[in-house]
Amino acid sequence: MQVTVIGSGYVGTTLAACLADLGHDVTNVDIDEEIVAAIESGVAPIHEAGLDELVAEHGGERLRATTDYDVATRANVVFIALPTPTDAEGRIDTSIITAGAEQLGAALAESEERPLVVVKSTVVPGTTENELIPALERGSGSTVGEAFDVAVNPEFLREGTAVSDFLHPDKVVFGAQHARAYETLNELYAPLFERTDTAVVRTGIREAEMIKYANNAFLASKISLINELGNICKEFGVDAYEVADAIGLDDRIGPQFLRSGVGWGGSCFPKDVAALIAAARDAGYDPELLDAVVGVNDRQPERLLSILDDHVDVNGERVAVLGLAFKSGTDDIRSSRAIPTIEGLLERGATVVGYDPVATENMRAEFPDIEYASSAADALSGATAAVVVTDWDEFAALDEEFDAMARPVVVDGRRIVEPRAGIEYEGLTW
């Protein structure tokens, strides 16, 4: 099939590359000419495991890129994968996606096809019907069902494993109003369904919008709950990980997302939980539990630092921050727990040195005045203390590097470092 993907950010680029790998002819549309040039030359514009290989294999052939919306006139399916940032109160800003939908509508006015427009961006229930369809209709001068069809197909991609998540999904959700839209989506995803046995959920547009938010809110809640339980365990001198291993054997709970630590971040959980809270309040419901989920998460970095305070006064001391990305496997620092950790250390008068395998340059834009090391060993050398914020595998292999510290105080927010004699080691929740 001929596919156009509007937007070549994290979701759009991964989607386009994976669809090309399934055998479709895909064109990314983006306003950034450097991103377009990179994709055309077979270079992935973002860091994501497995994406470099797909873009290198298909870039310039089955995977193309352009700044011109008119390419959509030749498409059978057009995905909208544009950003929906949140404001200070958590409400999503639909101005970018609405403007993109209207511009897409104008291009589709010249189309001889009756393409399916698929909303891939995360939007609160009602957005597609109340804002995006009207924008498409304004741009095209036609009505939905006449010049184009509309569906919602939310993404469930985790940074660091996005390619694998797309190619081996737990579920694929199709939200639509008409049989023709479901049929088109089935045809599009048929090569994927032939490769893997996955659940397909066919539902309404608003239900599909909500499923994405419910999914992320539930997972964020599970992490905050295990962190709360971990905090309680620590007060009783209980190993939170042994407790988690036991409760994870209950099939009603399951073992995933039971590693207590310094909290969640990234591009999805903070944004989506905040947006759901704001949307619920606007609709007249006060989501107290989700407020508590956010509150627990926000407090974890300060708990990490309070444990550090029990071991050493960091004023004027060199402190290594190991891990800057919000999770391992990505260079994304959005809502990384390293940000409030660094802020707290600077407020305490510490001299901060940060290290991350891939996220250093992104964090440098956030904190240009702190020191950045080229390795974990360099960060630890001469440091009075170290805090572990991201669970990169290489941190699990650290050993004699701690001997180069001025004082080997290690507060581990991810239970990745192996405690041993000669290290003043303490975990966040154990």
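**Thr122**

I started with Thr122 in this predicted model. Is Thr122 buried or exposed? The relative accessibility came out at 10%, and the cut-off for buried is under 20%, so Thr122 counts as buried.

Next I looked up where Thr122 sits along the chain. I found Thr122 in the loop that runs between strand 5 (116-119) and helix 5 (127-140).

Then I listed what Thr122 touches, skipping residues up to four places away in sequence. I got Thr84, Glu155, Lys212, Tyr213, Lys271 and Asp272.

**The binding-site set**

I checked the UniProt record for Thr122. An unreviewed entry there gives "binding site" for Asp30, Thr84, Thr122, Glu159, Lys271 and Arg334. Do they all gather at one spot, or are they apart? The set spans 305 residues in sequence and its farthest two C-alpha atoms are 22.5 Å apart, so the residues do not all gather at one spot. I also noted that Thr122, from this set, is part of the lining of the largest cavity.

I picked Lys271 from the set for a second look. Lys271 belongs to helix 10 (residues 269-282). Its relative accessible area is 18%, which is under 20%, so I wrote Lys271 down as buried. Leaving out neighbours within four places in sequence, I found Lys271 in contact with Thr84, Pro85, Thr86 and Thr122. I noticed that Thr84, Thr122 and Lys271 are each named in the UniProt set. Thr122 touches Thr84 and Lys271, and Lys271 is in contact with Thr84.

**Cys268**

Which residue does UniProt list for "active site"? It is Cys268, again from an unreviewed entry. I found Cys268 in the loop between helix 9 and helix 10. Cys268 has a relative accessible area of 18%, so with the cut-off at under 20% I put Cys268 down as buried. Not counting residues up to four places away in sequence, Cys268 touches Glu155, Lys212, Asn216 and Val273. Glu155 and Lys212 rang a bell: Thr122 touches them too.

**The sheet**

I moved on to the strands. In what order do the 6 strands of the open sheet come? I read off 11-10-9-12-13-14, with parallel pairing. Strand 11 and strand 14 (424-427) are the edge strands, and each pairs on one side only.

I went through some of the pairs:

- Strand 9 (residues 318-322) runs parallel to strand 10, and 5 bridges join them.
- Strand 10 runs parallel to strand 11 (residues 371-372), with 2 bridges between them.
- Strand 9 also runs parallel to strand 12, joined by 4 bridges.

I wanted actual residues for these pairs. Val321 stands opposite Gly354 of strand 10. On the strand 11 side, Gly354 has Tyr372 as its bridge partner. For Val319, the bridge partner in strand 12 is Ala385.

How covered is strand 10 (residues 351-355)? I counted 4 of its 5 residues as buried. I then traced how the chain gets there: from strand 9 it goes through helix 12 (residues 338-347) to strand 10, a right-handed β-α-β crossover. From strand 10 the chain goes on through helix 13 (residues 360-366) to strand 11, and this β-α-β crossover is right-handed as well.

**The nonpolar cores**

Which residues have the most contacts inside the largest nonpolar core? They are Leu308, Leu322, Leu345, Met363 and Phe395, in a core of 54 residues. I looked up which elements supply at least two residues each, and strand 9, helix 12 and strand 10 are among them. Helix 11 (288-311) and strand 12 (385-388) are also included.

I followed up Phe395. Setting aside neighbours within four places in sequence, Phe395 is in contact with Leu322, Gly323, Tyr355, Ala376, Val388, Thr390, Ile416 and Val417. I noted that another core, of 43 residues, lies apart from the largest one, with Ala72, Leu136, Val152 and Leu276 among its members.

**Two more residues**

I checked Ala199, which lies in strand 8 (residues 199-203). Its relative accessible area is 41%, so I have Ala199 as partly exposed. The C-alpha atoms of Ala199 and Pro169 are 8.3 Å apart, while 30 residues separate the two along the chain. Beyond the neighbours within four places in sequence, Ala199 is in contact with Asp170, Lys171 and Val172.

Last, I looked at Ser142, in the loop between helix 5 and strand 6 (149-152). Ser142 counts as buried at 17% relative accessibility. Its contacts, without neighbours within four places in sequence, are Glu137, Ala147 and Phe148.

Conventions:
Residues are numbered from 1 along each chain as its sequence is written. This is a predicted model: local features need pLDDT of at least 70, side-chain atom pairs count only at pLDDT 80 or more; totals for chains, interfaces and linings use all residues. Side-chain values use heavy atoms; hydrogens and water are left out. UniProt positions are given in the numbering used here, feature names are shortened, and annotations may be inferred rather than shown by experiment. On a 1 Å grid over the protein atoms alone, a cavity is a set of points where a 1.4 Å probe fits but cannot get out, and a pocket is an open set with protein on both sides within 12 Å along at least five of seven lines; lining residues have an atom within 4 Å of a point. Buried means under 20% relative accessible area, exposed over 50%, partly exposed in between (1.4 Å probe, protein chains only). Contact means heavy atoms within 4.5 Å. Two strands pair if DSSP finds at least two bridges between them. A crossover is right-handed if, with the strands pointing away from the viewer, the path from the first strand over the helix to the second runs clockwise. A nonpolar core is a set of buried Ala, Val, Leu, Ile, Met, Phe, Trp, Tyr and Cys residues joined through side-chain atoms within 4.5 Å.
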